[in-house]
Amino acid sequence: MRASIRILICVGILIPGLPARAAADWQIAPFLGITFHGETTLLDNESAVGKADWSVGAAVTMLGAGPIGVEGLALYTPGFFQQDNPPPDRPDVVSSRAFALMGNVVLATPRKWTEYGLRPYVSGGLGLLNASSKDEFNLLPVKTNLLGYNVGGGAVGFLTDRAGLRFDLRYFSNLRPSTSEEQIALGRVQLSYWNASVGVVFRY
């Protein structure tokens, strides 16, 4: 919670410093994606973290004609600790998820370079990483909140004046290993994964 408050304060400081024209463009982009190549030291009963999972999310971005903007990004991956054919000698995981909530700085090509064609960008920032799982007997539940970061990039292209597509590839990880004694982990608590996504984007 404290980490989220710090991020909101940082975003609040950045926004007034952006050029006036940049504040004119708000983009809302719900998306579907695939979370893959996960790694963790948390208890993974079904050895499932490394597999690919469908995910959903959304990004809200403020980006105008200039190269600098800010965004809020949320990503939800159900079944993060589950797989279709779990090992028979371990308790089945009945529910699990990974969730990320990030505040980012965006660096994009100036609008005049691409007009309203495909506009590449990179972005990164800090936020909350959450992971949880529950087995059928609720013997060894996992529930952790970590200070995390994300870095990535992609491109946005508009098909009309108000709507288009967003393509994004992004890496998520906790900022530093945690030594929390409340979690069952092999050493320090670590969590990371990649996400590739495609979504629609609406400009206001």
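This passage walks through the fold, the cores, the strand pairing and a few individual residues of a predicted model.

Start with the overall layout. The protein chain holds 2 helices and 8 strands. Reading from the N terminus, the order of elements is α-β-β-β-β-α-β-β-β-β. Of the 204 residues in the chain, 43% are buried. The accessible surface adds up to about 10,800 Å², and carbon and sulfur atoms account for 64% of that. Contacts that reach across the sequence are well represented too: among contacts with a separation of 6 or more, 68% involve residues 24 or more positions apart.

How far can the picture be trusted? The mean pLDDT of the chain is 85, and 82% of the residues score at least 70. Confidence is not spread evenly over the elements, though. Strand E2 has the highest mean pLDDT, at 98, while helix H1 (residues 2-14) has the lowest, at 43. The beginning of the chain shows up again when residues are taken in runs: pLDDT stays under 50 over residues 1-5, where the model has 2 contacts beyond four places in sequence. Over residues 7-23 pLDDT also stays under 50, and here the model has 18 such contacts.

Next comes the inside of the protein. In soluble globular proteins, nonpolar side chains tend to be buried together. In this model the largest nonpolar core has 19 residues, and the members that touch the most others are Phe-80, Ala-100, Leu-129, Phe-172 and Tyr-193. Strands E3 (68-78), E4 (93-108), E5, E6 and E8 (191-203) each give two or more residues to this core. The largest share comes from E4, with 3 residues. Ala-100 gives a feel for how the packing works: leaving out residues up to four places away in sequence, Ala-100 touches Leu-73, Ala-74, Leu-75, Leu-128, Leu-129, Phe-172 and Tyr-193. There is also a second, separate core of 8 residues, with Leu-63, Val-106, Val-156 and Phe-158 among them.

Not everything buried is nonpolar, and two polar residues are worth a look. Glu-71 sits in strand E3. With a relative accessible area of 4%, Glu-71 falls under the 20% cut-off, so this residue counts as buried. What does the side chain of Glu-71 make a polar contact with at 3.2 Å? One partner at that distance is the side chain of Ser-123. The side chain of Thr-61 is another partner of Glu-71, at 3.1 Å. Beyond four places in sequence, the contacts of Glu-71 include Met-102, Gly-103, Asn-104, Arg-166 and Arg-170.

Asn-104, in strand E4, is the second case. This residue is buried because its relative accessible area is just 2%, again under 20%. The side chain of Asn-104 makes a polar contact of 2.8 Å with the side chain of Asn-150. A polar atom of the Asn-104 side chain also lies 3.1 Å from the backbone nitrogen of Gly-125. Apart from neighbours within four places in sequence, residues in contact with Asn-104 include Gly-69, Val-70, Glu-71, Ser-123 and Arg-170.

Now for the way the strands line up. E5 and E6 pair antiparallel over 15 bridges, and Leu-126 has Tyr-149 in E6 as its bridge partner. E6 is in turn joined to strand E7 (residues 163-174) by 11 bridges, also antiparallel. Here Val-151 has Tyr-171 of E7 as its bridge partner. E6 and E7 form a hairpin with 4 residues between them, whereas the hairpin of E5 and E6 has 6 residues between the strands.

Finally, two loop residues have backbone angles that stand out. Asn-138, in the loop between E5 (119-135) and E6 (142-158), has a positive phi near 55° even though it is not a glycine. The relative accessible area of Asn-138 is 41%, which lies between the 20% and 50% limits, so this residue is partly exposed. Ser-47 is found in the loop that links strands E1 (26-40) and E2 (53-62). Phi of Ser-47 is near 50°, again a positive value in a residue other than glycine. Ser-47 is partly exposed as well, with a relative accessible area of 46%.

Definitions and conventions
Residues numbered from 1 in each chain as written. Predicted model: local features only at pLDDT ≥ 70, side-chain atom pairs only at ≥ 80, totals over all residues. Heavy atoms only, no water. Buried < 20%, exposed > 50% of the residue type's maximum accessible area, 1.4 Å probe, protein only. Contact = heavy atoms within 4.5 Å. Areas by Shrake-Rupley, 256 points an atom, 1.4 Å probe, with all protein chains shown as cover. pLDDT = per-residue confidence, 0-100. Core = buried A, V, L, I, M, F, W, Y, C linked by side-chain atoms within 4.5 Å. Polar contact = N/O pair within 3.5 Å; in protein donor to acceptor, adjacent residues only side chain to side chain. Pairing = 2+ DSSP bridges.
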